[in-house]
Amino acid sequence: MSIVETIKARRTVRAFRSDPIADDVVNELLEAATWAPSHFNAQPWEFALIGRQTRDQLRPIFRDMLENGPLKNPEVPEDKKAMMRAFMQDFGGAPVMLAVSCPPATIPSDIVDYPLATGAAIQNLLLAAWERNIGGVWLSIGQHPAVKAALGVPEAHSVIGVLPLGYFDAAPPALPRTPAADKLKRLP
Ligand SMILES: Cc1cc2nc3c(=O)[nH]c(=O)nc-3n(C[C@H](O)[C@H](O)[C@H](O)COP(=O)(O)O)c2cc1C
């Protein structure tokens, strides 16, 4: 698959097979992440592989976040709620969970550059995973104080993504994209 084909084929996966991901494959994904660009090659990303004990702490926090958020929102369709309820039991049964964070900025430009570079690292990782038939979901739950505490991430750091990862049976259908032309303006 070409890089563009992989970019377009990648889907967010929220239900996983129980097959483990071999350590060397996890290491390949982490290594792919580190080839992301970053301002002055600062490489601000920090990775944490989430073990069972930490995951058991995260599960009820995540469940509360959904129950007090989208699950009680009458505008969220029932089929989406059913998917969330299944997923929140144990993060879709993902065999691997990874948190990706970055430290606080020390210069003003890094306020955006650190999180952006860390996001680029996450996208690299998700694409490298997809190439290996591994799916993932980028959860933006990391800035919740209880999640940060469970992950042992200092308050001043930013958790850019929590990523359940695993092999899967079927990729969900692609969600539509707005044509780039509709988002483009041409400056004189
Ligand atoms: C920064 C970011 C935060 C996201 N947060 C969540 C999340 O908290 N929960 C979730 O289920 N999906 C989350 N997603 C996944 C998006 O819902 C998904 O990427 C989007 O619907 C497009 O679907 P696709 O990835 O299959 O193309 C997040 C994605 C990004 C990039």
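## A look at the S101 pairing and the sheet around it

In β4, S101 has V159 as its bridge partner. That pairing sits inside a predicted model, where local features need pLDDT of at least 70, side-chain atom pairs count only at pLDDT 80 or more, and totals for chains, interfaces and linings use all residues. Numbering starts from 1 along each chain as its sequence is written.

**Overall layout**

Start with the big picture. The protein's secondary structure comes to six helices and four strands, where helices (H or I, at least four residues) and strands (E, at least two) are DSSP runs numbered from the N terminus. Going along the sequence, you get the pattern α-α-β-α-α-β-α-β-α-β.

As for dimensions, the C-alpha trace spans about 45 × 40 × 40 Å along its principal axes. The radius of gyration is 17 Å, which agrees with the value near 16 Å that a compact globule of 188 residues would have. That radius is taken over C-alpha atoms, and the globule rule is 2.2 Å times the number of residues to the power 0.38.

Of the 188 residues, 27% are buried. Here a residue is buried if 20 or more other C-beta atoms lie within 10 Å of its own, exposed if 12 or fewer, and partly exposed in between, with C-beta atoms placed from the backbone. Among contacts with a separation of 6 or more, 79% come from residues 24 or more positions apart; a contact is two residues whose C-beta atoms, placed from the backbone, lie within 7 Å.

**The sheet**

Now for the strands. Four of them form an open sheet in the order β1-β2-β4-β3, with antiparallel pairing. Because β1 (46-49) and β3 stand at the edges, each with a single partner strand, one side of each is left without a neighbour in the sheet. Neighbouring strands are turned by 30° against each other on average, direction ignored. For that angle, axes are lines fitted to C-alpha atoms (for helices, over the stretch in contact), and angles run from 0 to 180 degrees between N-to-C directions.

Two strands count as paired if DSSP finds at least two bridges between them. β1 and β2 run antiparallel and are joined by four bridges. Strand β2 (residues 96-102) also runs antiparallel to β4, with seven bridges joining them, and β3 (residues 134-136) pairs with β4 in the antiparallel sense over three bridges. Some of the facing residues are listed here:

| Residue | Stands opposite |
|---|---|
| E46 | S101 in β2 |
| F47 | V100 in β2 |
| A99 | V162 in β4 |
| G135 | G166 in β4 |

S101 therefore turns up twice, with E46 opposite it and V159 as its bridge partner in β4, given that pairing rests on DSSP bridges.

How well covered are these strands? In β2, seven of its seven residues are buried. Both faces of β2 are covered: V96, L98, V100 and C102 are buried on one side, and M97, A99 and S101 on the other. Strand β4 (residues 158-167) is mostly covered too, with nine of its ten residues buried. Helix α5 (residues 110-131) lies across β2, β3 and β4, and runs at about 5° to β4.

**Loops and exposed spots**

Between α5 and β3 there's a loop that holds N133. N133 counts as exposed because it has 10 C-beta neighbours inside 10 Å. Its C-alpha atom is separated by 9.6 Å from that of D169, 36 residues apart along the chain.

The loop between α2 (23-33) and β1 contains F40, and Q43 lies in that loop between α2 and β1 as well. Phi of F40 is near 55°, a positive value in a residue other than glycine. Q43 isn't a glycine either, yet has a positive phi of about 50°. With 10 other C-beta atoms within 10 Å, F40 is exposed, while Q43, with 18 C-beta neighbours inside 10 Å, counts as partly exposed.

Over in helix α3 (residues 52-67) you'll find Q53, which is exposed, with 9 other C-beta atoms within 10 Å. The C-alpha atoms of Q53 and V4 are 38 Å apart, with their positions 49 residues apart along the chain counted as separation.

**The ligand shell**

Which residues are around the ligand? They are R11, T12, V137, W138, L139, S140, I141 and L175, each with its C-beta atom, placed from the backbone, within 6 Å of the ligand. The shell divides into five nonpolar, two polar and one charged. In that split, Ala, Val, Leu, Ile, Met, Phe, Trp, Tyr, Cys and Pro count as nonpolar, Asp, Glu, Lys and Arg as charged, and the others, Gly among them, as polar.
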